[in-house]
Amino acid sequence: MSEIRKIAVIGAGIMGRGIAHAAALGGFDTVLEDILPASLRKAETEIRGNLDKGVEIGKLSKADADAAFSRLQYASSVEEAAREADLVIEAVPEEMESKIEIFTLLDKICRPTTILASNTSSLSVTEIASVTYRAPKILGMHFFNPVHKMKLLEIVRALETDQPTLDACTEVGRRMGKEVVVIKESPGFITSRINAMIGNEAFHMLQEGIASPEDIDKALKLGLNHPMGPFEMIDLVGLDTRLHILEYLHKSLGEKFRPAPLLVQYVKAGRLGRKSGRGVYDYGDSRTGRPGAETKAAGEK
C-alpha cells in the first residue's frame with residue numbers, strides 16, 4: 001500500500017478548503033492551490049477560524065489546532081502544489097471539462113506513484129481516469145459540506161482502480177476522522193443520487209404551489225429526521241451545482257432525474273444559493289447568515 005505523507009488539494013473553494021483543513025488535522029503535510037490569491041487568503045482565514053472554534057468548543061486542543069495550521073501551505077499554481085505530493089485531491093467545479101483539464105495536467109507533472117482523486121459528487125471517475133496514463137491510481141473521494149464537520153467519505157472505485165490505491169485512500173479518510181464507504185462507480189454514487197431526487201421533487205412541489213419552502217423543509221426535518229431541509233441543503237450546495245448533477249443523472253439514468261423547470265429558471269436568474277446571496281431563500285442579511293423571507297413559488301403574487 002502506498003504511504004501518503006503529503007497531500008495537495010486543487011481548488012480553494014468551499015470544498016477545497018474544507019478538505020485541506022481535514023487533511024492537515026489528520027497529520028498530513030498539505031498544500032492548497034488556487035489561481036486566485038483572494039481565494040487562498042479567504043481559505044487561510046476560514047481554516048484558522050474553524051480550528052479556533054474547535055478549540056473553543058472543546059473538540060480540539062490548542063496544540064493540535066496550531067500543529068494542523070502549521071502543516072498547511074498555499075500555492076498559486078497546480079504545478080507548484082502537486083509536484084511533490086503523494087496524493088492530489090481535485091476540488092474544482094462540478095464540470096467534466098474542468099476536471100479532465102486538471103487531470104491531464106496532473107498526469108504530466110506528478111510522479112508516477114502519485115494517486116489522483118476527484119471530489120466529484122456524481123461524474124464518472126472512469127471517464128476522468130481515461131485521459132491519464134495512471135488509471136489504476138485514480139479514484140473518487142467524495143467529501144461532504146462542511147467537510148470539517150461531516151463524517152462521511154464516499155470512496156468511488158473506477159473501472160481500473162487497483163486495491164492498493166483504495167486501501168491507501170481509505171486509510172487517509174480514517175486519519176481525517178471520516179467514516180468511509182467504498183462503492184463501485186455508478187452515476188450519482190449513493191448520496192448524490194438519492195439527494196438529487198429528493199431536492200428535485202421538492203422543487204416540483206414548490207412549483208405546483210403545494211407548500212412554502214419553509215414548510216417543505218420543516219416537514220422533512222421533523223417528519224423524516226433530516227438535519228437540513230431540501231431547500232436549505234440546495235442553497236448551501238449551490239443551485240447550479242445541483243442542476244449540473246441532475247442534468248448528468250438525467251442523461252445517464254433517464255427521465256426520473258429530469259430537472260424541475262423551476263430549478264432551471266432559478267439558475268438562469270442567477271439565484272444560486274448562499275454564494276450569490278439568494279437561492280430558494282434570500283440571504284440579504286449577511287450579518288446573521290440565516291435565510292431572510294422565503295421566495296415565492298412560480299405563479300404566486
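Asn 195 touches Met 233 and Arg 242, once residues up to four places away in sequence are set aside. Keep in mind as you click on these residues that this is a predicted model. Asn 195 is found in helix α8, and with a relative accessible area of 30% the residue is partly exposed, because that value falls between the 20% and 50% cut-offs. For a sense of scale, pick Tyr 74 as well: Asn 195 and Tyr 74 are 121 residues apart in sequence, and their C-alpha atoms sit 33 Å apart in space.

Now zoom out to the whole chain. Its secondary structure adds up to twelve helices and eight strands. The radius of gyration is 19 Å, close to the 19 Å that the globule rule gives for 301 residues, so the chain is as compact as a globular protein of that length. If you want a box for it, the C-alpha atoms fill roughly 60 × 45 × 35 Å along the principal axes. Of the 301 residues, 46% are buried. How much of the contact map comes from residues 24 or more positions apart? Taking contacts with a separation of 6 or more, such pairs account for 65%.

Helix α5 offers a buried example. Ile 102 is found in this helix, which covers residues 96–109. Its relative accessibility is 14%, so Ile 102 counts as buried, the cut-off being under 20%. What does Ile 102 pack against, leaving aside neighbours within four places in sequence? The residues in contact with Ile 102 are Ile 10, Val 78, Glu 90 and Val 92. Ser 118 is another handy reference point: Ile 102 and Ser 118 are 16 residues apart in sequence, with 10.0 Å between their C-alpha atoms.

Next, the pockets. The second largest pocket has a volume of about 440 Å³. It is lined by 17 residues, and the closest to its centre are His 21, Leu 25, Lys 59, His 148 and Lys 149. Which elements give two or more residues to this lining? They are α1 (14–25) and α2 (37–56). By residue class, the lining of the second largest pocket divides into seven nonpolar, five polar and five charged residues.

A few backbone details deserve a look, especially if you plan to check torsions. The peptide bond from Asn 145 to Pro 146 is cis, with omega near 0°. Pro 146 has its place in the loop between β6 (138–142) and β7 (152–157).

Two residues that are not glycines carry a positive phi. One of them is Phe 189, with phi near 55°, in the loop between β8 (179–184) and α8. The other is Asn 225, with a phi of about 65°, and its place is in the loop between α9 and α10 (230–237). Buried or exposed: which applies to Phe 189? Phe 189 is buried, with a relative accessible area of 5%. Asn 225, on the other hand, is exposed at 68%, because the cut-off for exposed is over 50%.

Stay with the loops for one more stop. Ser 212 is found between α8 (191–207) and α9 (213–223). Here the side chain of Ser 212 reaches the backbone nitrogen of Asp 215 at 3.1 Å. What makes Ser 212 count as buried? Its relative accessible area is 18%, so it falls under the 20% cut-off.

Finish in the segment after α12 (261–268), where Gly 277 lies. With a relative accessible area of 22%, Gly 277 is partly exposed. Leaving aside its neighbours within four places in sequence, Gly 277 is in contact with Asp 282, Tyr 283 and Gly 284. Asp 235 is worth selecting too: Gly 277 and Asp 235 are 42 residues apart in sequence and 9.4 Å apart in space, C-alpha to C-alpha.

Definitions and conventions:
Residues numbered from 1 in each chain as written. Predicted model: local features only at pLDDT ≥ 70, side-chain atom pairs only at ≥ 80, totals over all residues. Heavy atoms only, no water. 1 Å grid on protein atoms, 1.4 Å probe; cavity = no way out; pocket = protein on both sides within 12 Å on 5 of 7 lines; lining within 4 Å. Points joined across faces, edges and corners; volume = space filled by probe spheres on them. Helix = DSSP H or I, 4+ residues; strand = E, 2+ residues; numbered from the N terminus. Nonpolar A, V, L, I, M, F, W, Y, C, P; charged D, E, K, R; others polar. Buried < 20%, exposed > 50% of the residue type's maximum accessible area, 1.4 Å probe, protein only. Polar contact = N/O pair within 3.5 Å; in protein donor to acceptor, adjacent residues only side chain to side chain. Rg over C-alpha atoms; globule rule 2.2 N^0.38 Å. Contact = heavy atoms within 4.5 Å.
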